[in-house]
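Q: Could you take a close look at one helix packing in this model for me, and then walk outward from there? I'd like the geometry, the residues involved and what sits around them.

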Amino acid sequence: MTFNDDSRLSGGKVKRRGRTAAVGGGAVGLGAIVVFLVAQFTGFDLSGVLGGSDLTTIQQGGDTVDAAPECRTGRDANASVDCRMEGAAESLDAYWSAESARIGIDYTTPTFYLFDGSTGTGCGTASAATGPFYCPPDRALYVDTSFYDELQSRYGSSGGPLAQMYVVAHEWGHHVQQLQGTFADTDRSGTGAASGSVRVELQADCYAGAWVGNAATTKDADGRTFFEPITRSQIDDALSAASAVGDDSIQRRSTGSVDPDSFTHGSSEQRQRWFLQGFQRGATSCDTFSVPGSSL
């Protein structure tokens, strides 16, 4: 999507964290990195994957600052990734503040951190290899924007602005699920095409689509819309990102075969279809838990 040049960004929604170094016997190894590469966009508590109890972290230059103090307009968001993250956050916050009553939640704004290299979280140490994720204990999104280059070069997405913002909207969807109690109520320990973990991820994709479907009408503090009307090519941009991180797509690239019994996020087709479900019908249509597995 393209921001309206004259839309106003209030600032302060996105923070930047300093780098965290891992020391001691529990440093993240190749096995954990592979897990993360296969499980992009996770809503899970990642501390178990990281071996968090054995990990000591030292914050280096660990101040938390406004990530984009110079971002003031939609024009800035069109020109800069950090400003685009700020603009997406402001639009998402406005959307979910209005939409929350329809899905029955008391909405609060998540914290949104950008980081470079690695940083400490309530879910363990995040590194560039983890990809973007939501940490439930922190109620926070963590994004190293270098992932967007990976999304294009490694995963085959078109990598455009809406592909980048789809990533943020998906993680914001996990925050909505946290507020709904979805994480607490869903058994996410299993795998498979109809598992609880897949249903959680597909709902977050649907929530991302719901925001995109409404984004061109979401307004800034001055009453201007944040975005210009969305185009078909921009929707295709988001769909390319959803496809690129499908379990089958990742498995095929990494192993040359597909094992649906090990799915944790859903196939490329499922992720695209549920994104479009939200885009066309809104957030109230995103119940992935009551449908039979064959309809996922």
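A: Helix H6 (residues 161-180) and helix H8 (residues 196-215) have axes that come within 7 Å of each other and cross at roughly 120°. The crossing of H6 and H8 is right-handed. On the H6 side, the contact is made by Leu-162, Met-165, Tyr-166, Ala-169, His-170, Gly-173, His-174, Val-176, Gln-177 and Gln-180. H8 answers with Val-200, Glu-201, Gln-203, Ala-204, Asp-205, Tyr-207, Ala-208, Trp-211 and Val-212. Sort the residues of that contact by character and you get eleven nonpolar, six polar and two charged. Keep in mind that this is a predicted model, so treat the numbers as computed from its atoms.

Trp-211 is a handy way out of the H6 and H8 contact, since the H8 side of it includes this residue. Ring pairs tie Trp-211 into a cluster with Phe-3 and Phe-227.

Past the end of H8, Thr-225 is in the loop between H8 and helix H9 (232-244). With a relative accessible area of 24%, Thr-225 is partly exposed, because buried would need a value under 20%. Setting aside neighbours within four places in sequence, Thr-225 is in contact with Asn-4, Ser-7, Ala-216, Thr-217, Thr-218 and Lys-219. Thr-225 also has a long-range partner in space: its C-alpha is 9.1 Å from that of Ser-91, although the two positions lie 134 residues apart in sequence numbering.

Now for the aromatics more broadly. The count of aromatic pairs comes to ten. Take Tyr-134 and Phe-183: their ring centres are 6.3 Å apart and their planes sit at 40°, so the pair is tilted, falling between the 30 degrees limit for stacked and the 60 for edge-to-face. This pair links distant parts of the chain, with Tyr-134 in strand S8 (residues 133-135) and Phe-183 in helix H7 (residues 182-185), 49 residues apart. Both partners are tucked away: Tyr-134 counts as buried at 0% relative accessibility, and Phe-183 counts as buried at 7%. From Tyr-134 you can also hop to Thr-111, 23 residues away along the chain, with 9.7 Å between the C-alpha atoms. There's a charge-over-ring arrangement to look at as well: the charged end of Arg-17 sits over the ring of Tyr-113, 4.6 Å from its centre.

If you check backbone torsions, stop at Arg-139, in the loop between S8 and strand S9 (140-143). Most residues other than glycine have a negative phi. Arg-139 isn't a glycine, yet it has a positive phi of about 50°. Its relative accessible area is 39%, which makes Arg-139 partly exposed.

One more spot, further along: Ser-268 is in helix H11 (residues 268-281). At 9% relative accessibility, Ser-268 counts as buried. Leaving out residues up to four places away in sequence, Ser-268 touches Ala-242, Ser-243, Gly-246, Asp-248 and Ser-249.

Zooming out, the chain has eleven helices and nine strands. Of its 296 residues, 54% count as buried. And among contacts between residues at least 6 apart in sequence, 75% join residues at least 24 apart. The Tyr-134 and Phe-183 ring pair, at 49 residues apart, is one link between distant parts of the chain.

Notes. Residues are numbered from 1 along each chain as its sequence is written. This is a predicted model: local features need pLDDT of at least 70, side-chain atom pairs count only at pLDDT 80 or more; totals for chains, interfaces and linings use all residues. Side-chain values use heavy atoms; hydrogens and water are left out. Axes are lines fitted to C-alpha atoms, for helices over the stretch in contact, and angles run from 0 to 180 degrees between N-to-C directions. Helices (H or I, at least four residues) and strands (E, at least two) are DSSP runs, numbered from the N terminus. A crossing is left-handed if the near helix is turned anticlockwise from the far one by less than a right angle, and right-handed if clockwise. Contact means heavy atoms within 4.5 Å. Ala, Val, Leu, Ile, Met, Phe, Trp, Tyr, Cys and Pro count as nonpolar, Asp, Glu, Lys and Arg as charged, and the others, Gly among them, as polar. Rings of Phe, Tyr and Trp (its six-membered ring) pair if their centres lie within 6.5 Å; planes under 30 degrees apart count as stacked, over 60 as edge-to-face and the rest as tilted. Buried means under 20% relative accessible area, exposed over 50%, partly exposed in between (1.4 Å probe, protein chains only). A charge sits over a ring if NZ of Lys or CZ of Arg is within 6 Å of the ring centre and within 35 degrees of the ring normal.
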